Structure formats: C-alpha cells, structure tokens
Amino acid sequence: MFQAEEEALLFQQHAVGENSGQFEETVHPYISKVLMEGNFKPSKTEQDHAFLLQLLFWFKQTFRWVNAPPCDGCSNETVGQGMGTPLPSEIQYGAARVELFRCKVCSKITRFPRYNDPLKLVETKRGRCGEWANCFTLYCRAFGYESRLILDFTDHVWTECFSQSLGRWMHLDPCEGIYDRPLLYEKGWNKKLNYVIAISKDGVFDVTKRYTRKWHEVLSRRNIATEQTVSAVLAKMTRECRRSFASETLSTLEDRDKCEREAMERDLYSTDDAPVSLPGRQSGDKEWRISRSEIGSDDNCSLSCSSCPVRVCIDEHVTTIYNAFSSVLSHFVENNVPKSGAIELLKILKGILGDLKKSPYKTRRVSLNSVPNNGQKIVHQLLPSIGHLLRVLSLKSELNTDGRVDIVLAGDPVKTSLSLPVVFKALDDMIHDLNNCDNFGKGSFCLPLLKLNRIHSGSVLASGEEFPFGIVTSAFDGIRPSKWEDLMAREVVG
C-alpha cells in the first residue's frame, strides 16, 4: 500500500502542473454559498410552518391509538363486550358513549369512555381518530395556529391549519402523521367520500372538493340534501359564528373564503398529483382497516385495491341456508309438533336472530333467556336441530358458567352479516308456506318448503365495494326485493 502511494505521488508530480487556477475556480464559489446559508435567518412565517410540522410528528409519537384497551386490572388483552352506560364523571368530559371490554385472562371489565373534551384528552392521551383530531386541533390552536376540525361523513376526522407560509389551508392527519396530502383518503385509502366539512370558530365550510379528483362520483353519493340546501345551511352557520366580528375582520375572512373556493375549483381537475403514490390507512389494527376497506393497495390485500377484485357471483350460501332448515323441519315431524307450534317456534327463532342482528356485527351475541318463559324449554329442545343452521350462519351456541345459553359468532362476522338477511327471508318463506300447507308431514319437505336449486352466475366487477354489505357477492343475496327474477316462482320481482 505504501509503495502504491509513493508511485501515485511520483506520477502526480510528472502528470500535473503547478497551476492552481482550475482547482481554486472549482472550490471558491462554494465559499459564498456557505456564507449565504450562514447568514440566512428563517422568517417568523417559515419558523411557524416548520414548528407546525414538528408538532404533528411529535403528536403522532405521543398520542396512543386504542383498538381494545389493556385490562385495568392486569394489563392483559381485552375483547369488546358492547356498550355501557356512561357515569356522571365520564359525561362531565363529553363521553356520551362508553365501550366495555372483558379481559381475556381475569375477566375484569374495562371501560373505554369516548371523551370529547380536548382538555381531558390531553390527560388521557389515547383514543381513535375522533380523539386524535380533537386533541391535536386543540394543540394547534394553543400554539396560535388558525385551525379547524374536518368532519368526513364516511367516518373519519382530521385537522386543517392555515399556513401563512403557503398562503392556504393545509391538511394534517395526526393519526397518520401525514400533512398536505388531501387525496390520501380517496386515492390511498380508496374511500368513497360524500361530504367533508370544515368546522372552526370562524365558520363552517364544505371543503369536499379539496379531497377529491372524482367530483362526479362524489356528487352521486351526496344524497342527504340538495347542493343549494347544503350551501345555505353552512352559510347560515358561518354568519352565526361571525355575527360579532368587526367589519374589517369580516372583509378579510370573506376574501380568504373566496380565494379558497376558487382554489378548490381550480385544483378539482388538476392532474399534477396524478403520479403521487399514497398509502392505505396505517392507524388501527389490520382486521378493522380491512373491514372498512381502507387498507389501500400498498398492503397485499385485494379487498380494497384501486381496481375492484373479480368475484364469482354464485349464491350457494343461499342454497346452504335453505337446506339447513331440513333438520329443523325433521324435528317438527319426528316430535309430532303441530303446524301452529312449528310456526310459533319459527317466529321465536326469527326473534332471536333479530336481536342478534341488532348487536354490533363484530361482537354479535344474544341470550336465549330473552325468549319468553313459556318458549325457553322448547327452544332448548330445538337447539340440536338448529346446530347445522347456526354453523351455516357462522354462529354457535355457547353455554355460560351460570347455565345461560347464548348464540354468538363462530367465525367471519362479514359472513354472518351477509347471511342474516337471507335467513330472515327463508323464515318468512317457511312460515308463509307452513300456513298454506294442508298436510304437514314428511311429504311437505318437497318444494315450496325448501328451495333446492339456486342461481349461479359468472364473474363480475363492482366499483366502490364497502364492507360488510356493499360487496359484489351481495348482488346474489337470496332476498326477493333485490332480484331481477326468482326462477322458482317464474316471476319478475325487481
């Protein structure tokens, strides 16, 4: 190595002249550039903009997302148990809703109040998007930024701050730690937006056009009120917010409102951001994000990719549900249950499943104790014969330590959500057919009591699939009002 260095230096002396001009000309201009950097002092506006972004990143690291809170007793994992009644101490801080969670280890119930008071959230430092946006907006205002809360009617909340550096309102999502990416939801999360409303102390504004490049599609989903009504209502609210403002302040705000409207209209058809790649939702557990179709195309999940997946439209699940009633009807015949008794039992079963449908779709549970006393014994005797039907619906019966029997989820909650409307239709069909059945017996198992052949179709695409009901498979759901034709009845039904 030393020899190589000596040879290189010797070669340099012969190959390179003593003229230092070229070397100096290359280096010297950079001295002035460095001096310019050293003399640069960011303006107050630039400092404020930089601080706001750092506030966003700090908040992302400080606040905690809650899927299910750890057990208050032993800190182990918990599972949702529905909603509870808020306590006065919780209502005091705006928690009109309280979620209950049972510990998987010690069975202790942990309460999760959904606080709305931002000062309380500064203390708890936890929640979901509502709490995150509420608290972060408070921080922004506390540091002197003009801020507003952004309400997305498709169930999300974030913040906007007016950046003096940019001269416009800027999107900030504290849950994701992302700023100035308003197309995040439509392009990244694949959200089907309808109304995005900005709420501040200075007024209430429709800012949907900032967050879409598919206004014609969004417009088709804005079916709560006419566009004129929306504008009039928000203008009225804004006037109420500004009724005590000085005329000079009003004039400044109105000029800024006008500039914002013009910018949103101008950007609505812009293609400048077309190549920008945006991620799917990162906050919340994966199962929850998938259920909301917000996981985006960046995660290997075909459920919410930008081009909808091809689904084979068959309704074998409908055939399976109808066929599952064979064991129920067999029970009636083998136990000599009269037609009136069979109809009454089917109505009781429909009531139980109706109560189950009212419960949260991911934690469905209903107790058979809800059945009137005179029907409880009969229903318990019926349980073995409805076991297959429950499995088809992705349900099961569960015996509690106190002897109570509950009907609970046994698998995919989406499967249950899609199956429940079908089983209600099947029950209605069976009750109707039993009423019109003269000789109730084994021979009654032929049509029309059971439908043994169902429609099978080809592959289809659908835009804007939304869980748990708005997916292509639901087009063949076994419900009469949603069909073009019922081939069993040979009549057009819708």
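# Exercises on a predicted protein model

Of the 494 residues in this protein, 42% count as buried. The structure is a predicted model, and the exercises below walk through it piece by piece.

## Exercise 1: The overall picture

Task: Find how many helices and strands the protein has, and describe its accessible surface.

Solution. Start with the secondary structure: the protein has 17 helices and 18 strands. Next, turn to the outside. The accessible surface comes to about 27,600 Å², and carbon and sulfur atoms account for 55% of that area. Finally, look at how the chain meets itself: among contacts between residues at least 6 apart in sequence, 61% join residues at least 24 apart.

## Exercise 2: Two crossing helices

Task: Describe how helix 4 and helix 7 cross, and list the residues that make the contact.

Solution. First locate the two elements: helix 4 covers residues 44–62 and helix 7 covers residues 129–142. Their axes come within 11 Å and cross at roughly 145 degrees. The crossing of helix 4 and helix 7 is right-handed. Now list the contact residues. Helix 4 brings Leu 52, Leu 55, Leu 56, Trp 58, Phe 59 and Lys 60, while helix 7 brings Trp 132, Cys 135, Phe 136, Tyr 139 and Cys 140.

## Exercise 3: A glutamate in helix 7

Task: Decide whether Glu 131 is buried or exposed, and find what surrounds Glu 131.

Solution. Glu 131 lies in helix 7. Buried means under 20% relative accessible area. Glu 131 has 2% relative accessibility, so Glu 131 counts as buried. Then check the surroundings, leaving aside neighbours within four places in sequence: Glu 131 is in contact with Phe 63, Phe 112, Arg 114, Tyr 115, Leu 121 and Arg 126.

## Exercise 4: Salt bridges, far and close in sequence

Task: Work out which parts of the chain are joined by the salt bridges of Glu 160, Lys 350 and Asp 429.

Solution. Begin with the general idea: side chains of opposite charge can pair when their charged atoms come close. The structure holds 30 salt bridges, and three of them are taken in turn here.

- Glu 160 pairs with Arg 210, with the closest N and O atoms 2.9 Å apart. Glu 160 sits in strand 7 and Arg 210 in the loop between strand 11 and helix 9, so the pair ties together parts that are 50 residues apart in sequence. Glu 160 and Arg 210 are both buried.
- Lys 350 and Asp 428 meet at 2.6 Å, N to O. This pair links distant parts of the chain, with Lys 350 in helix 15 and Asp 428 in helix 17, 78 residues apart. Lys 350 is partly exposed at 29% relative accessibility, and Asp 428 is partly exposed at 35%.
- Asp 429 and Lys 425 form a salt bridge of 2.8 Å, N to O. These two residues are 4 apart in helix 17, so about one helical turn separates them. Both Asp 429 and Lys 425 are buried.

As a last step, look for shared partners: Asp 152, Asp 155, Lys 191, Arg 281, Arg 292 and Glu 294 are joined into one network of salt bridges.

## Exercise 5: A nonpolar patch

Task: Name the residues of the nonpolar surface patch that includes Ile 199, and place Ile 199 in the fold.

Solution. The patch is formed by Leu 151, Phe 153, Ile 199 and Ile 224. Together these residues have about 360 Å² of accessible area. Ile 199 is found in strand 10, residues 196–200. With 36% relative accessibility, Ile 199 counts as partly exposed.

How values were computed
Residues numbered from 1 in each chain as written. Predicted model: local features only at pLDDT ≥ 70, side-chain atom pairs only at ≥ 80, totals over all residues. Heavy atoms only, no water. Patch = residues over 30% accessible without salt bridge, like charges linked within 9 Å, V, L, I, M, F, W, Y side chains within 5 Å. Areas by Shrake-Rupley, 256 points an atom, 1.4 Å probe, with all protein chains shown as cover. Salt bridge = Lys/Arg side-chain N within 4 Å of Asp/Glu carboxyl O. Buried < 20%, exposed > 50% of the residue type's maximum accessible area, 1.4 Å probe, protein only. Axes fitted to C-alpha atoms, helices over the stretch in contact; angles between N-to-C directions. Left-handed = near helix turned anticlockwise from the far one by under 90°. Contact = heavy atoms within 4.5 Å.
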